[in-house]
Structure formats: C-alpha cells, structure tokens
Amino acid sequence: GRIWARRKVPPHGRDVMAPFAPQVGQRQLPPVKPAPILLSLPDVAATEALGAKLAGKLVIGDALLLFGDLGAGKTTLARGLVGAWTGEGDETPSPTYTLVQTYDGPAGELWHFDLYRLESPDDAAELGLEEALASGVAVIEWPERLGAFAPPDRVELHLAMDGEGRRAEIMGFGRLKDLEV
C-alpha cells in the first residue's frame with residue numbers, strides 16, 4: 001500500500017496529498033478510521049435537513065463526499081445543503097450531465113460535482129476540483145471515481161436504503177475528524 005503525506009506547494013497553490021515510499025525498516029501503520037455517526041433518515045425532508053445541517057459545518061477547502069447506490073438520496077441531501085448554503089430554495093439539479101454546478105453563498109462558492117460518468121481520477125482534476133477546494137466547498141457525488149485522491153479535510157457520508165427511508169453513516173477526516181451532527 002501507499003502512505004500519503006502532505007507536501008508544500010508554492011504560496012499561490014494548495015497543499016495536496018502526495019504518495020511516498022516508507023524508509024527501510026520503517027513500520028507502516030494502518031490508517032485510523034474515525035467512529036462513524038449513524039443516523040436514520042425516515043423521509044425526504046429528513047435527508048434534506050441533514051444536508052442543511054452539514055452546510056453549517058463546512059468551510060472553504062472542505063469536501064463532502066456522498067457515497068451510495070442510484071436512488072440512495074445523494075442529490076436529495078445535496079439539495080438541502082445547497083439551499084442552506086445559498087439561502088435560497090431554488091431547484092438543485094443533479095449535475096449528472098454537466099458534471100459540475102456552482103452556487104454562490106454568503107460563506108463562499110459551493111461546487112457540486114457528479115463523477116458518475118468519469119473514467120479515471122485524473123478526469124476530476126480537469127473539472128476544477130483543486131480550484132473548487134481553493135476557493136470554496138466541494139460536494140462530490142460518486143467520489144469512488146477519485147481513487148486515492150480524496151481531499152484531506154472531508155466528510156464521507158454513505159447513504160443506503162432502509163425500508164421507506166434512508167440510513168446515513170458519516171465520518172469526518174482531517175479538520176473535520178471530530179464532526180458532530
């Protein structure tokens with residue numbers, strides 16, 4: 001496996017994750033996963049409300065990674081987040097075909113990515129993911145397509161069907177490791 005470490009980039013750039021090889025005799029420790037927050041979301045309103053609550057926890061440079069099967073509620077959750085972020089109740093389309101939608105809010109720009117149609121992690125860079133994290137917050141549907149290039153300051157939210165509702169499993173990493181919802 002690879003070990004990931006932060007490296008400095010010029011002042012006009014942003015810290016990125018970079019792989020490095022362990023030194024001879026150096027022991028590799030497995031990554032520590034935070035304990036997940038488990039929530040039951042009985043309906044669409046509860047899913048949107050969770051998105052709205054998460055909007056207040058994110059700042060410039062953070063990412064929300066939305067995992068789940070088709071129909072699990074990723075876009076519904078994003079709709080609640082976008083509405084809270086912008087202060088508007090406008091319709092939030094899924095960026096399935098445009099791949100990215102941007103929204104302005106009082107706290108900065110929010111970039112909503114849908115990576116379902118990407119073929120490789122390198123394609124995410126072409127969509128402006130680095131720019132999004134440098135100037136705003138990124139909400140990323142289908143983050144599996146990022147490969148090992150997940151942003152360090154992120155919330156991973158896994159949605160699954162649970163009867164008529166949904167089940168959410170939430171974990172914070174980096175700056176968000178102690179996230180409370």
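**Exercise 1. Lay out the fold.** State how many helices and strands the protein chain has, and give their order.

Solution.
- Step 1. Count the elements: 4 helices and 9 strands. Helices (H or I, at least four residues) and strands (E, at least two) are DSSP runs, numbered from the N terminus.
- Step 2. Read along the sequence: the pattern is β-β-β-α-β-α-β-β-α-α-β-β-β.
- Step 3. Check the ground rules. This is a predicted model, where local features need pLDDT of at least 70, side-chain atom pairs count only at pLDDT 80 or more, and totals for chains, interfaces and linings use all residues. Residues are numbered from 1 along each chain as its sequence is written, and side-chain values use heavy atoms, with hydrogens and water left out.

**Exercise 2. Judge the confidence.** Find which elements have the lowest and the highest mean pLDDT.

Solution.
- Step 1. Take the chain as a whole. Its mean pLDDT (the predictor's confidence in each residue, from 0 to 100) is 82, and 76% of its residues reach 70 or more.
- Step 2. Compare elements. Strand E1 (residues 3-7) has the lowest mean, 40, and E4 the highest, 97.
- Step 3. Look at residues 1-22. The pLDDT there is below 50. Beyond near neighbours in sequence, this stretch still has 37 contacts in the model. Contact means heavy atoms within 4.5 Å.

**Exercise 3. Dissect the largest nonpolar core.** Determine which elements supply it and which one gives the most.

Solution.
- Step 1. Fix the terms. Buried means under 20% relative accessible area, exposed over 50%, partly exposed in between (1.4 Å probe, protein chains only). A nonpolar core is a set of buried Ala, Val, Leu, Ile, Met, Phe, Trp, Tyr and Cys residues joined through side-chain atoms within 4.5 Å.
- Step 2. Size the core: 24 residues. Leu50, Leu54, Leu58, Leu64, Leu77, Leu81 and Leu157 have the most contacts inside it.
- Step 3. Assign the suppliers. At least two residues each come from helix H1 (44-55), strand E4 (63-67), helix H2 (74-86), strand E7 (136-141), strand E8 (154-162) and strand E9 (165-173).
- Step 4. Rank them: H2 gives the most, with 5 residues.
- Step 5. Look elsewhere. Another core, of 18 residues, lies apart from this one, with Trp111, Phe113, Ala124 and Leu127 among its members.

**Exercise 4. Explain the buried side of H1.** Work out why the buried residues of H1 lie on the same side.

Solution.
- Step 1. List them: Thr47, Leu50, Gly51, Leu54 and Ala55.
- Step 2. Apply the geometry. These residues cover an arc of only 145 degrees around the axis, so they sit on the same side of H1. The arc is that of the directions from the helix axis to the C-beta atoms.
- Step 3. Find the cover. It includes strand E3 (37-41), E4, H2, E8 and E9.
- Step 4. Inspect one partner. Leu77 touches Thr47, Leu50, Gly51 and Leu54, among others, not counting residues up to four places away in sequence.

**Exercise 5. Place two loop residues.** Decide whether Leu58 and Trp142 are buried or exposed.

Solution.
- Step 1. Leu58 lies in the loop between H1 and E4. Its relative accessible area is 6%, so Leu58 is buried.
- Step 2. Its contacts include Leu81, Trp85, Val137 and Arg175, leaving aside neighbours within four places in sequence. Arg175 is 117 residues away along the chain, with a C-alpha separation of 9.9 Å.
- Step 3. Trp142 is found in the loop between E7 and E8. At 11%, Trp142 is buried. Its phi is near 60 degrees, a positive value in a residue other than glycine.
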